[in-house]
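Hi there,

Here is the structure I promised to pass on. Have a look at it first, and then read my notes below.

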Amino acid sequence: MSYDFFIVAENRAIRGGGPNDTLYLSGLQGATLLDTMAHFGMTVEKERPQWPTLEEYGVELAHLSDTAELTEEQQSAKAAFVAAYQGVREATDEQPEGIPAYKLRFNDGFWTTPDEIAAALARYEAHPNYDCAELPFGDQTWARWIAFLRVAQAAGGLRTL
C-alpha cells in the first residue's frame, strides 16, 4: 500500500495538480510518518466511522450509476445514501486535538480539516526540540510532510486517496 495525500481547496475538492498539491509516499514511508506523528502527539486514536450500507437505504449498486433510470422513491433513497456517505467522509470534531489517525491511515478520502492540522502542528511545535526533526540531513520525508501540512492548513485541508 502507498499513501497519496492531496491538498483540497476551501470547497473540499482536490486542488489542481501543482507540484505542492500532492505528496506520494511508499507504504514504509507512510507507516514511519504515522509513527513519528504519534511520537509528537499529532494524531489522536479514534474509531473509524462506519460507512452507511446500501441495504440501510434500500439502494442497489446499479442505482448509483449516473445513467440509471430511477423512480422518484429510488432517487430519494440514492440521494439520502450519498449524503450519508459524504457525511462520513466529511466528519469533523468541533474541538480537534490533532488529526484522527484513521484519516491518514486509510485511503478512503476522509477530509482532514485545517483545524485538525492546526491542532497537530501546535502539538508538534510545542514538543521540545521539534525543530531538530526538520534538519536537512538524511531522509527528507518528515520535512516534506511538515511543509505539506502547512500548505494544507492554509488551503482547505487534505485527503488521503
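Contact here means heavy atoms within 4.5 Å. Please bear in mind that this is a predicted model, in which local features need pLDDT of at least 70, side-chain atom pairs count only at pLDDT 80 or more, and totals for chains, interfaces and linings use all residues. Residues are numbered from 1 along each chain as its sequence is written, and side-chain values use heavy atoms, leaving out hydrogens and water.

Let me start with helix α3, residues 72-89 (helices are DSSP runs of H or I, at least four residues; strands are runs of E, at least two; both are numbered from the N terminus). Its buried residues (under 20% relative accessible area, 1.4 Å probe, protein chains only; exposed is over 50%, partly exposed in between) are Ala-77, Lys-78, Phe-81, Val-88 and Arg-89. They fall within an arc of 115° seen down the axis (taken from the directions from the axis to the C-beta atoms), so they line one face of α3. That face packs against α2 (54-57), β5 (111-112) and β6 (158-160). On the other side, Glu-72 and Ala-83 are exposed.

Now the aromatics. The whole structure holds twelve aromatic pairs (ring centres of Phe, Tyr or Trp, its six-membered ring, within 6.5 Å; planes under 30 degrees apart are stacked, over 60 edge-to-face, the rest tilted). Phe-5 and Trp-145 form a tilted pair, with centres 4.7 Å apart and planes at 55°. This pair joins strand β1 to helix α6, 140 residues apart in the chain.

Best wishes

Technical notes:
Expected span 1.5 Å × (residues − 1).
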